[in-house]
Amino acid sequence: AERLAGFSALVVDDSQLNLTLTARVLRSMGFSSVSTASGLAEALDLLAQSPSLQLVITDLHLGDGDGLELSRRLRSAVAESSPVVGDTYLSGPVIIGLSGVAEQDVAEQCKQAGMNAFLSKPVPRGLLLQ
């Protein structure tokens, strides 16, 4: 937990329960600051206010948009200063997409949108540490 002290995260989900649970897990892992947003517009506002976030965990299905669009916008906002080597973004936050629905090719869609990883819900706490 100490290795994550000083790190900040944003959790985006249109389910209040998922927001609460994921934020609680991240805090227990040592994140010193965990913000939450219930949709795309709120997430973009928070990201504009806190550009130094290290982690964004977003549900793929949001009431006013989707996590893929959030990832594309975030990556495009830092594109000038975010070099890419292979599939790895060297600056900007780590972006993890979540979905409770097993969709065909969803991991590839997440990668194409600039996400670092895709995980299926429910996510075991240990998997987030990886």
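On the other side of helix α1 from its buried residues, Leu 17 and Arg 24 are exposed, where exposed stands for over 50% relative accessible area, buried for under 20% and partly exposed for anything in between, with a 1.4 Å probe and protein chains only. The buried residues of α1 are Leu 19, Thr 22, Ala 23 and Leu 26. These four sit on the same side of α1 because they cover an arc of only 100° around the axis, the arc being that of the directions from the helix axis to the C-beta atoms. The model is a predicted one, so local features need pLDDT of at least 70 and side-chain atom pairs count only at pLDDT 80 or more, while totals for chains, interfaces and linings use all residues. Residues are numbered from 1 along each chain as its sequence is written, and side-chain values use heavy atoms, with hydrogens and water left out.

Helix α1 itself covers residues 16-28, 13 in number. Its first and last C-alpha atoms are 18 Å apart, close to the 18 Å expected at 1.5 Å a residue; the expected span is 1.5 Å times one less than the number of residues. After α1 comes Gly 30, with a positive phi near 115°. Met 29 belongs to the loop between α1 and β2 (33-37) and is buried, at a relative accessible area of 4%. Met 29 also pairs up with Leu 4: the two are 25 residues apart in sequence, yet their C-alpha atoms are 7.1 Å apart in space.

Now for the chain as a whole. Its secondary structure comes to five helices and nine strands, taken as DSSP runs numbered from the N terminus (helices are H or I with at least four residues, strands E with at least two). From the N terminus on, the order reads β-α-β-α-β-β-β-α-β-β-β-α-β-α. Of the 130 residues in the chain, 38% are buried.

Helix α3 (residues 67-77) has Gly 67, Leu 68, Leu 70, Ser 71, Leu 74 and Arg 75 as its buried residues. They share the same side of α3, since the arc they cover around the axis is only 160°. Ser 76 and Ala 77 are exposed on the face turned away from that buried side. Where α3 starts, a side-chain oxygen of Asp 66 comes to within 3.0 Å of the backbone nitrogen of Leu 68. Gly 67 also has a partner further along: its C-alpha lies 8.9 Å from that of Ala 113, 46 residues away along the chain. Ala 113 is in the loop between α4 (106-112) and β9 (117-120), and counts as buried at 3% relative accessibility.

What about empty space inside? There is one cavity of 30 Å³ or more, a cavity being a set of points on a 1 Å grid over the protein atoms alone where a 1.4 Å probe fits but cannot get out. The largest cavity holds about 30 Å³, with grid points joined across faces, edges and corners and the volume taken as the space filled by probe spheres set on the points. Its lining, meaning residues with an atom within 4 Å of a point, includes Val 11, Thr 22, Asp 59 and Lys 121. Strand β3 gives the most to this lining, with three residues.

Asp 59 is found in β3 and is buried, at 6% relative accessible area. Its side chain makes a polar contact with the side chain of Lys 121 at 3.2 Å; such a contact is a pair of N or O atoms within 3.5 Å, where, within protein, one must be able to donate a hydrogen and the other to accept it, and residues adjacent in sequence count only if both atoms are side-chain atoms.

Technical notes. 1 Å grid on protein atoms, 1.4 Å probe; cavity = no way out; pocket = protein on both sides within 12 Å on 5 of 7 lines; lining within 4 Å.
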